[in-house]
Amino acid sequence: MKLRLALGLALSLSLVPACGAEPPPSEPPGPVANHVERVATTEGVPTALVLAIAAVEQGLALPRFRSPSPDDHVPVAGILELRHGSLNTLALGAKLMGSDERSLQADTDLGTEAGIRVLASLGPRGESRVAAWRAAIAELSGLSGRERERYVAEVFRVLYFGGSFPARDGERVRVAPHPEIPPAYLITPPPSHLLAPDFPGSEWFATDCNGKCTDNRPDGNASVDTILVHDTEGGWNASVATLQFDAGKSVHYIIDADGSRWGQFIPETYTGWHAGNWCYNKHSIGIEHVGFVSNKDGYATALYQKSAEMVLNIKTRWPTLILDRDHVVGHYQVPNGTKIAECGPPCSDGLDACEKNTSYGGASHHTDPGYQWQWCQYMELLGASCHCNDAWPLWNCTNDHTQAWRCNSGSLEKQVCAEGCDVMPSGQNDVCHEAPDAGAGGASGAAGAPAGGGGGTAGSSSGGAGGSTTQPDAGSATGGKQTKKAAEDDLGCACRAAPRRETPWAALTLLLLALRRRGG
């Protein structure tokens, strides 16, 4: 008893509470929970185990139907996010369903059924004790080494404490506590320090370059001048497993959706295969951001801040890196070398025009990081400026509601929203609430350039006392108010269901040993 109480206290101090208030106990299960229970019962898999894995995967909020691209960096299917990891669970799921991978990706319920069948094939089918599924959870993860063990511990921590987790369409699913789980199953091993990452604090995901990357820079170590911005189209775990093991693709870094963790796959001196353009690969460092192109909530400010911190740190090792919008580019801007000059400049048209132009987005016409990526906010964090074509003709709030931007007849304009920013329906200007004493021509610095005063994005040197500012730009914006692709309304998880901070392994081990000696 002493051991369980002490362990529960130690672990509870290291966890972030589940998102939002729990529903009343009498609330009936919704479509997601009912579907999982029906399929899991048929396949002999504990329902709570499926829901706990889905919570860790952040897959519960995936919409019922999606329109995935065949060239997504991280193809995932179902709430368990089947993927191309060390075990290709996506291919296995398609085989077990007598279907194909694209169908599982497009239909989340079909992908979920496939995931449950995969789990059943890996574990002790019909076993109701969730602790007996430990090896199956590890295999399902598609991860390796410490990441594999961390994943298993996260799943068991969700099962041990239980909780309520957000699912699609406002549903919440409940996982009952399982205090019978052995305490040792909840512990994550210490990190490996076999190879120090280039960017401090990065988790290191050892990646074999065979068929994925090149262990040098063909033009020498003075060749990096570009940062290439990607999004994953999958959650953290699916993204790590896929980018570590899937053939033909690699990237240097990944940052989680809330900016709380980041990792490195290959050294910066290696050439990653991520642009779909060999010339750009040779001269760039690629950063994946966990998220979805069509996530209506956009990207978190903390993610922008961590990404900007990473880029500024990279520049200390690569003085050739240029921090402007011609060299900090999205994947959607990369030339398709089979149609236009491989080493030509990135697309500089409006956001919608670039995404629709099949001469860009690399060889496979990628469109990430998508309409929701706030280039003006991001470039300010780098001490640089965006282009007029990075904004829309109507005022649009940034995702954190601290700024509004527009491209007005070739001039970039910015408002600092000290009192917040209201998002209006498409076709209307968003409404920026400036400081009460801000006049129509306020005293903010030039748009996109660092300026004094408050009211800017958190962690940025930009801001000002309010008012609109303008900056001429050679380009002209295309399209109207920011819109989303109706056929691709993937939802990213707005908050993390899994534990965020890990319990200090050494301290917890000492606690366990001490209590056992005392007969706990």
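A disulfide is a pair of cysteine sulfur atoms within 2.5 Å. In this predicted model, C347 and C354 meet that test, because their sulfur atoms are 2.1 Å apart. Searching the whole structure turns up seven disulfides. Three of them are followed here, beginning with C347 and C354.

The link of C347 and C354 is left-handed, with -90° about the S-S bond. Are its two cysteines buried or exposed? The cut-off for buried is under 20% relative accessible area. C347 has 3% relative accessibility, so C347 counts as buried. C354 has a relative accessible area of 1%, so C354 is buried too.

The next disulfide joins C376 to C386. Its sulfur atoms are 2.2 Å apart. This link turns the other way: with 85° about the S-S bond, the pair C376 and C386 is right-handed. C376 sits in helix α13, which covers residues 375–381. C386 is in the loop between α13 and β11 (396–397). The two cysteines are ten residues apart, and the pair links distant parts of the chain. C376 and C386 are both buried.

The third link takes us to strand β11. A disulfide joins C397 to C421, with 2.0 Å from S to S. The torsion about this S-S bond is about -80°, so the disulfide is left-handed. C397 lies in strand β11 and C421 in strand β14 (residues 421–422), so the pair ties together parts that are 24 residues apart in sequence. C397 and C421 are both buried. A disulfide is a covalent bond between the sulfur atoms of two cysteines.

Now look for empty space inside the model. There are four cavities of 30 Å³ or more. The largest has a volume of about 110 Å³. Which residues lie closest to its centre? Of the 13 lining residues, they are Q374, D390, A391, W392 and W405. Helix α13 and strand β11 appear again here, as each supplies at least two residues of this lining. By class, the lining holds nine nonpolar, three polar and one charged residues.

The second largest cavity has a volume of about 70 Å³. C347 and C354, the cysteines of the opening disulfide, both belong to its lining. The other lining residues include R325, D326, Y332, Q333 and H387. D390 is also one of them, and D390 was named above for the largest cavity. The lining of the second largest cavity divides into four nonpolar, four polar and four charged residues.

Turn next to the strands. Six of them build an open sheet with mixed pairing. Their order is β3-β7-β6-β9-β5-β10. Which strands form the edges? They are β3 (203–204) and β10 (328–330), and each pairs on one side only. At the β10 edge, the neighbour is β5, residues 226–231. Strands β5 and β10 run parallel and are joined by three bridges. One pair to find on screen is V229 and its bridge partner in β10, G330. Strands of a sheet pair through backbone hydrogen bonds, either parallel or antiparallel.

An antiparallel pair comes later in the chain. Strand β12 (residues 403–408) pairs with β13 over six bridges in the antiparallel sense. R406 stands opposite E413 in β13. The two strands form a hairpin with two residues between them. In the turn, S409 has a positive phi of about 55°. Strand β13 (residues 411–416) is mostly covered, with five of its six residues buried.

A helix is worth a check against its expected length. Helix α8 has 17 residues, 145–161. At 1.5 Å a residue, α8 should span 24 Å; its end C-alpha atoms are 25 Å apart, which agrees. How many of its residues are buried? The count is 13 of 17, so helix α8 is mostly covered. Just after α8, G162 takes a positive phi of about 70°.

A last stop is D71. This residue is in the loop between α3 (47–57) and α4 (89–97). With a relative accessible area of 32%, D71 is partly exposed. D71 and H366 are 295 residues apart in sequence. In space, their C-alpha atoms are 7.3 Å apart.

Methods:
Residues numbered from 1 in each chain as written. Predicted model: local features only at pLDDT ≥ 70, side-chain atom pairs only at ≥ 80, totals over all residues. Heavy atoms only, no water. Buried < 20%, exposed > 50% of the residue type's maximum accessible area, 1.4 Å probe, protein only. Helix = DSSP H or I, 4+ residues; strand = E, 2+ residues; numbered from the N terminus. Pairing = 2+ DSSP bridges. 1 Å grid on protein atoms, 1.4 Å probe; cavity = no way out; pocket = protein on both sides within 12 Å on 5 of 7 lines; lining within 4 Å. Points joined across faces, edges and corners; volume = space filled by probe spheres on them. Nonpolar A, V, L, I, M, F, W, Y, C, P; charged D, E, K, R; others polar. Expected span 1.5 Å × (residues − 1).
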